[in-house]
Amino acid sequence: MTMMMDAGASDNLDSVMPVRGFCIGAPGPKSLDDFIGFIQRELAPRGVNHLILRVDFRYQFDSRPEMRDGEGLSREAAHRLLAVCRTNGIRLIPHINLLGHQSWAGSTGKLLRQYPEFDETPHVKMPEQYKWPNPDGLYCKSYCPRHPKVHEVVFALIDELCDAFEADCFHAGMDEVFYIGDEKCPRCAGRDKGELFAGEVRAIHDHLAAKGRRLWIWGDRLLDGRTTGLGEWEASYSDTWRAIDLIPKDLTICDWHYERADQTPVYFAMKGLNVVTCAYRSPKIAVAQAQDIIRFRQNSTPQLKERYQGVMQTVWSDAGRFLATDYQGKAVGRNATNNAWLSLQAMFEELLKHRN
Ligand SMILES: [Zn+2]
């Protein structure tokens, strides 16, 4: 591991790239120790300084006992994760996916199981066997952002997680929202989808800001999927992209592109938003994304340079599965050469070349 950092090198790396992130699903109780070891052994020496932990509803919530997951992360586990991150100069940012992603394949998520009245599309029944595409256009369910009770519930969960992790930033997800402003929703029908999306961003932002906390979200709903050719997953077909001119500017946008090193960070930065480019499985694309952010920072006004915050490696499984497969070299088929562990190594080798 010749590319590992020396003590004191992080100051220099901070000027090359302020945010050097890693995003993963929170470990279950059985993989907690392994994951803590991974942070110490692999993330800290590479200079990773932001950990987005996708806890979602897998937490032993006390503030809303009906949302408690008895198998989820405990407060004690949260404290252990916070301690190892603090020791290693890593800012821990908890994530709950809000608005969209309230179901997965054929199963409804915890929030809509407890509160079916929050469902934006109650007329869409969950299929026994999920298939995409399907006649309902069901990817994931959304909650209705205009339901009068929804924020009372989700804000309590946000506060509890942020308190447990002593976090000054919170990641609200908000990616891949397909159901928004449904024509059958009594509160949202006929409303502008850009305004609906922006309204929800602003509500969460303002709640956090009142406690001195800042909001991070995924960027895909803010990109026009048709004009750019980026499609309806990593960008939006439902006009939510117009929200980009309606949201607060002190957000951090996690701009994920996994098939190409798209140049969309320039768009976000020029709109006044902080941006972090996110990689997934391809080491080659991850390296190109890191090089792009470095180049954007070198060739920009001070105002824009400041907004090109950095890069983040994403892992779309939980920590336990990642440590048992990708990290052990047990990924098979195409994943054997394209996976998040290889991408992380390549991305951070590239970054460390730029420190001097
Ligand atoms: Zn609605």
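What arrangement do the four donor atoms around the zinc ion make? In this predicted model, the angles they subtend run from 98 to 118°, which makes the arrangement tetrahedral. As a helpful yardstick, the ideal angle for four tetrahedral donors is 109.5 degrees.

A closer look at the zinc site shows who supplies these atoms. The zinc ion is coordinated by Glu120 through OE and by Cys144, Cys185 and Cys188 through SG, at 2.1 to 2.3 Å. Along the sequence, these donor residues follow the spacing E-x23-C-x40-C-x2-C. Both glutamate 120 and cysteine 144 lie in the loop between α4 (110-114) and α5, so the pair ties together parts that are 24 residues apart in sequence. Glutamate 120 is buried, and cysteine 144 is buried too.

Next comes the barrel. Eight strands close into it, with parallel pairing, and going round they follow the order β1-β2-β3-β6-β7-β8-β9-β10. From one strand to the next, the twist averages 25°. Where the ring closes, strand β1 (residues 19-25) pairs with strand β10 (residues 308-318) in the parallel sense, over six bridges. Here arginine 20 stands opposite valine 311 of β10. Helix α5 (residues 150-164) packs on the sheet, where it touches β3 (91-98) and β6 (169-173). The direction of α5 makes about 165° with that of β3.

Two further helices are worth a visit. Helix α9 (residues 283-298) is 16 residues long and reaches 23 Å from its first C-alpha to its last, close to the 22 Å expected at 1.5 Å a residue. Many residues can be checked for burial here: among those buried in α9 are Pro283, Ile285, Ala286, Val287, Gln289 and Ala290. Further along α9, the buried residues include Asp292, Ile293, Ile294, Phe296 and Arg297. As a general rule, an α-helix has 3.6 residues a turn, so residues three or four places apart point the same way.

The other helix is α6 (residues 193-209), which holds glutamate 200. Is this glutamate 200 buried or exposed? Glutamate 200 has a relative accessibility of 1%, so it counts as buried, since the cut-off for buried is under 20%. Leaving aside neighbours within four places in sequence, glutamate 200 is in contact with Leu99, Tyr143, Pro145, His151 and Met174. With methionine 174, the separation is 26 residues in sequence and 9.4 Å in space, C-alpha to C-alpha.

Definitions and conventions
Residues numbered from 1 in each chain as written. Predicted model: local features only at pLDDT ≥ 70, side-chain atom pairs only at ≥ 80, totals over all residues. Heavy atoms only, no water. Pairing = 2+ DSSP bridges. Helix = DSSP H or I, 4+ residues; strand = E, 2+ residues; numbered from the N terminus. Axes fitted to C-alpha atoms, helices over the stretch in contact; angles between N-to-C directions. Contact = heavy atoms within 4.5 Å. Donors = N, O, S within 2.8 Å, 3.2 Å for Na, K, Ca; no water. Tetrahedral: all angles 85-135°; square planar, octahedral: opposite > 155°, others 65-115°. Buried < 20%, exposed > 50% of the residue type's maximum accessible area, 1.4 Å probe, protein only. Expected span 1.5 Å × (residues − 1).
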